[in-house]
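Subject: Structure handover

Hello,

Here is the structure I said I would pass on. My notes on helix packing, aromatic rings and a few single residues follow below it.

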Amino acid sequence: MTSLFDPVRAGALELPNRIAMAPLTRNRAPHAVPTDLMATYYSQRASAGLLISEGTAISHQGQGYADVPGLYSEEQLQAWKKVTAAVHGQGGRIVTQLWHVGRISHTLLQPDNLAPVGPSAITARSKTYVIDEVSGQGHFVPVSAPRALRQEELAGIVHGFAAAARAAVEDAGFDGVELHGANGYLLDQFLKTGANERTDDYGGSIENRCRLVLECVRAVADAVGGGKVGIRLSPVTPANDIVDADPQPLFEYLVRQMASLGLAYIHIIEGSTGGPRELEDRPFDYAALKNAYRKAGGQGAWMVNNGYDRTMAMQAVESGYADVVAFGKAFISNPDLVRRLRNDLPLNAWDSKLFYGGGARGYTDYPMAG
């Protein structure tokens, strides 16, 4: 019987166990540049089968929160190289999450204080994190009203994802990349009817709403090889004011279209990100989604996420339902989570007040098991 602690192949990635660290925004990259402290943080957690970095903006326009890292300047790439080297020095594997937030941003975070962009000019009922220029303190504010991207701009978005992927692998030393197609950010905004009211080739039908996502995935796979590419999807999460009228056929179509690309993995958030695993008003059949991908020939590892504990994760792998299970907050407070899960050791509690911003406290000072 396959175990959570057995190795697995995910495309070109050879993972020593089936436990992934989910991408976790921590707001500890001043001016969007990774720090030496981040290298310590990730290397502490290198026993994970796979580390997925915090969301990392592909461009200045893709930034949506203060002090989150980017992949669009030489300084950022050189700083990331220290992080990946530290992880590899501990025998780990790390991919970066390619992020464009779309409408979940603020003019203070955008080039020349311009409006954020999205598929349509619909303001999300959501907040983002900015730094007060006078006090230097971070706080949450409502997102700014977006403008709709013009169709002729979309090729630039596709190019931006591909260029960031190439830079991440060739310059920064990442083992691969994950496209952030979840949680109400740009790619998810194009997928879902609640944010996409376009009437051109990128709106309306399921095929049209999936067009930009598929163009980005194909371009990234062409840039670095499909076996080094994953994508994160959240079919029904309400995060960042996102909703779709009929997500089951939408996401089954999407994964079928990606089945031939030789991707490393498909990363699925089940239910509401960081919240309930099932939503009464948004039922979804995740087993049917996986089956649609496999029947279309998809061979990528199937990664599941959201609210998994040790027992659930072990059952998911042993039953064949999942190939990899991603853990989020548990990795924040337990750098040696793999060892703790393997030996059924108690877990450190996390301090949510220290999730966003700050320094080493609540970041690199959680103790290993004795």
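Helices α1 and α2 cross in a right-handed sense. Please keep in mind that this is a predicted model.

Helix packing

The axes of α1 and α2 come within 8 Å of each other, at a crossing angle of roughly 25 degrees. Angles under 35 degrees count as roughly parallel, and α1 and α2 are therefore roughly parallel to each other. On the α1 side the contact is made by Asp36, Met38, Ala39, Tyr42 and Ser43, and on the α2 side by Trp80, Lys82, Val83, Ala86 and Val87. Sorted by class, the residues of this contact are seven nonpolar, one polar and two charged.

Helix α1 covers residues 36-44, and within it Met38, Ala39, Tyr41, Tyr42 and Ser43 are buried. The elements that cover these buried residues include α2, the strands β3 (19-21), β4 and β5, and α9 (329-333). Of the buried residues in α1, Met38, Ala39, Tyr42 and Ser43 also take part in the contact with α2. As a general point, an α-helix has 3.6 residues a turn, so residues three or four places apart point the same way.

The other helix pair in these notes is α6 (residues 247-258) with α7 (residues 286-295), which pack with their axes 8 Å apart and at an angle of about 30 degrees. Helices α6 and α7 are therefore roughly parallel to each other. The crossing of α6 past α7 is right-handed. From α6, the residues in the contact are Gln248, Phe251, Glu252, Val255, Arg256 and Met258; from α7, they are Ala288, Leu289, Ala292 and Tyr293. This contact divides into seven nonpolar residues, one polar and two charged.

Alanine 292, in helix α7, can be looked at on its own. Its relative accessibility is 10%, so alanine 292 counts as buried. Leaving aside residues up to four places away in sequence, alanine 292 touches Glu252, Val255 and Arg256, and these three belong to the α6 side of the contact. The C-alpha atom of alanine 292 is separated by 9.1 Å from that of alanine 259, which is 33 residues away along the chain.

Aromatic rings

How many aromatic pairs does the structure hold? The count is 13. One of them is the stacked pair of tyrosine 65 and tryptophan 99, with 5.5 Å from centre to centre and 20 degrees between the planes. This pair links distant parts of the chain, 34 residues apart: tyrosine 65 is in the loop between β4 (50-57) and α2 (74-89), while tryptophan 99 is in strand β5 (residues 94-99). Tyrosine 65 and tryptophan 99 are both buried.

Phenylalanine 284 and tyrosine 286 form a tilted pair, with ring centres 4.9 Å apart and 50 degrees between the planes. Phenylalanine 284 and tyrosine 286 are buried as well.

There is also an aromatic cluster made of Tyr41, Tyr42, Trp80, Phe174 and Tyr363. Within the cluster, Tyr42 and Trp80 are also part of the contact between α1 and α2.

Backbone with positive phi

Two residues other than glycine have a positive phi and may be of interest if you check backbone angles. Asparagine 183 has phi near 60 degrees and sits in the loop between β10 (176-181) and α4 (186-191). The relative accessible area of asparagine 183 is 8%, so this residue is buried. For aspartate 241, phi is about 60 degrees, and its place is the loop between β11 (229-233) and α6. Aspartate 241 is partly exposed, with a relative accessible area of 22%.

A buried strand residue

Isoleucine 52 lies in strand β4. Is isoleucine 52 buried or exposed? Its relative accessibility is 0%, so isoleucine 52 counts as buried. Not counting residues up to four places away in sequence, isoleucine 52 touches Met21, Ala22, Pro23, Val95, Gln97, Glu178, Tyr265, His267 and Met303. Valine 236 is 184 residues from isoleucine 52 along the chain, and the C-alpha atoms of the two are separated by 22 Å.

Regards

Key:
Residues numbered from 1 in each chain as written. Predicted model: local features only at pLDDT ≥ 70, side-chain atom pairs only at ≥ 80, totals over all residues. Heavy atoms only, no water. Axes fitted to C-alpha atoms, helices over the stretch in contact; angles between N-to-C directions. Helix = DSSP H or I, 4+ residues; strand = E, 2+ residues; numbered from the N terminus. Parallel < 35°, antiparallel > 145°, perpendicular 65-115°, else oblique. Left-handed = near helix turned anticlockwise from the far one by under 90°. Contact = heavy atoms within 4.5 Å. Nonpolar A, V, L, I, M, F, W, Y, C, P; charged D, E, K, R; others polar. Phe/Tyr/Trp six-rings, centres within 6.5 Å; stacked < 30°, edge-to-face > 60°. Buried < 20%, exposed > 50% of the residue type's maximum accessible area, 1.4 Å probe, protein only.
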